[in-house]
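The questions below concern confidence, the disulfide and nonpolar packing. Each answer ends on the value or name asked for.

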Amino acid sequence: TALRRSLALCVMVNLATVGSGHWQLRAGLTPRVLMGPQAVQRWQNSVAPELRLVEIARAMQPEANILLADPGHPYIASGLGRSFTTAWYDPELAAMRGRCNADNSGQCWRAHLNQHGFAQLISRDTDRPPALASALSGWATLLDQQGDAQLYRIPLDLDTAGNVYHERKQ
């Protein structure tokens, strides 16, 4: 249809003028996006499965704090203020990640997850540092997996758990 052709032309012109947009053409992703909502969802799941896991986590526990533990995949916006990341733009949690990754026993991760009140954690198994893998093993519950991204339930100690959302809101 004419609408599809116009949209395709706009996308192509846009991609031609964006210096970093060429990867989408080489990967064959742009034509898939033009094929409808299911294609967009499949594309999103292949590029950023964390977005789907945040959606699942929020459906399970809307008030829970979610930590996206991989700094290379900090897709927190869909968490509506309840998602946090260990990427560079959260210096406190980025520093925590550095300290905890130095402790291969996993105890540092467990203590800080509880201290900040993270009830759920999302991490890609391909990027997971040994210390975090150790912390999750035998302690956290795997709730869902999308591609190589996994959603875990963290067993918080409700007597001592903090809440980073409320602490930062003040």
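**Cysteine link and core**

Q: Is Cys108 buried or exposed?
A: This is a predicted model, in which local features need pLDDT of at least 70, side-chain atom pairs count only at pLDDT 80 or more, and totals for chains, interfaces and linings use all residues. Residues are numbered from 1 along each chain as its sequence is written, and side-chain values use heavy atoms, with hydrogens and water left out. Buried means under 20% relative accessible area, exposed over 50% and partly exposed in between (1.4 Å probe, protein chains only). Because its relative accessible area is 16%, Cys108 is buried.

Q: Which residue forms a disulfide with Cys100?
A: A disulfide is a pair of cysteine sulfur atoms within 2.5 Å. The link is left-handed, with -60° about the S-S bond. At a sulfur distance of 2.4 Å, the partner of Cys100 is Cys108.

Q: What is the mean pLDDT of the protein chain?
A: pLDDT is the predictor's confidence in each residue, from 0 to 100. In the protein chain, 86% of residues reach 70 or more, and the mean is 87.

Q: Which element gives the largest share of the largest nonpolar core?
A: A nonpolar core is a set of buried Ala, Val, Leu, Ile, Met, Phe, Trp, Tyr and Cys residues joined through side-chain atoms within 4.5 Å. The largest has 19 residues, including Trp109 and Leu136. Helices (H or I, at least four residues) and strands (E, at least two) are DSSP runs, numbered from the N terminus. With 4 residues, the largest share comes from α8.
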